[in-house]
Amino acid sequence: MTIQLHAFDTPNGRKISVALEEMGLPYSVHVVDITKGEQFDPAFLKISPNNKIPAIVDSDGPGGRPISVFESGAILIYLAEKTGKFWPSEPAAHVATLEWLMFQMGGFGPIPGQVHHFIALDSEADRRYGLQRFMEETRRLYAVMDQRLASNDFFAGSEISIADFAIVGWAWRHPRHKVDLADYPHVQRWYQAMMARPGVARGFAVPLRRAG
């Protein structure tokens, strides 16, 4: 039995490919090309009603029945509960995992995503205000992460967790949102350690675009 990963080459898609590789779960990739509007295909909407990637279909879900899961944070929690991996059982670390996962879902994703939007606009007048606002907030979020990692190896503490997989997907795009990790040395140390992990490297190498 394998999990079907429906995704594209985005930070949210990479969160799940990284998690699947780190957890050692067999899976197949179904590319959903969001540049061509494939996220609105009726077949995809059956498993992701919000027409967003990623989504998964697990043929061996609860009770041995197939289940589909959408929203990257929900997918990470589902996979962690399914495998018991990267899901700390110690209460404080468990809470920290949830805190930092929500931090990513609510802030460190939507905010740099706005930077990606405004930086691509042709009009300087349209770009200026949005970039100033969202780049300042993006840098504030990096500073929050840097402070956390100043005294912790990973976001949940001493153990790597799904929160790290969630955040690394967006930290991967730091050049696009014009952030130099050298300005955040603890984030830089964590990022380098994450990217050096074989499972993370495989997760980023999985083709999430069609050839050609």
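Colour the chain by secondary structure to begin with, and nine helices and four strands come into view, where helices (H or I, at least four residues) and strands (E, at least two) are DSSP runs numbered from the N terminus. Read from the N terminus on, the elements follow the order β-α-β-α-β-β-α-α-α-α-α-α-α.

This is a predicted model, in which local features need pLDDT of at least 70 and side-chain atom pairs count only at pLDDT 80 or more, while totals for chains, interfaces and linings use all residues. Residues are numbered from 1 along each chain as its sequence is written, and side-chain values use heavy atoms, with hydrogens and water left out.

**The whole chain**

With everything still displayed, the C-alpha trace spans about 50 × 45 × 25 Å along its principal axes. Of the 212 residues, 50% count as buried, a class that means under 20% relative accessible area, with exposed set at over 50% and partly exposed in between (1.4 Å probe, protein chains only). If contacts (heavy atoms within 4.5 Å) are drawn, residues 24 or more positions apart account for 66% of those with a separation of 6 or more.

**Aspartate 9 and arginine 14**

Select aspartate 9 and arginine 14 next: their side chains meet in a salt bridge with an N to O distance of 2.9 Å, the term standing for a side-chain nitrogen of Lys or Arg within 4 Å of a carboxyl oxygen of Asp or Glu. Both arginine 14 and aspartate 9 are buried. Adding Arg209 to the selection completes a network of salt bridges that links Asp9, Arg14 and Arg209. By the rule just given, the count comes to nine salt bridges.

**Along helix α6**

Move now to helix α6, which covers residues 124–149, and show the side chains of glutamate 124 and arginine 127, which form a salt bridge at 2.4 Å, N to O. The two residues are three apart, about one turn of the helix, and glutamate 124 is partly exposed at a relative accessible area of 41%.

Further along helix α6, glutamate 137 and arginine 140 are likewise three residues apart, about one turn of the helix, and their closest N and O atoms lie 2.7 Å apart in a salt bridge. Arginine 140 counts as partly exposed because its relative accessibility is 44%, and glutamate 137 falls in that class at 26%.

For a last stop, pick alanine 125, also in helix α6, which is exposed with a relative accessible area of 54%. A distance label drawn from its C-alpha atom to that of tyrosine 142, 17 residues apart along the chain, reads 26 Å.
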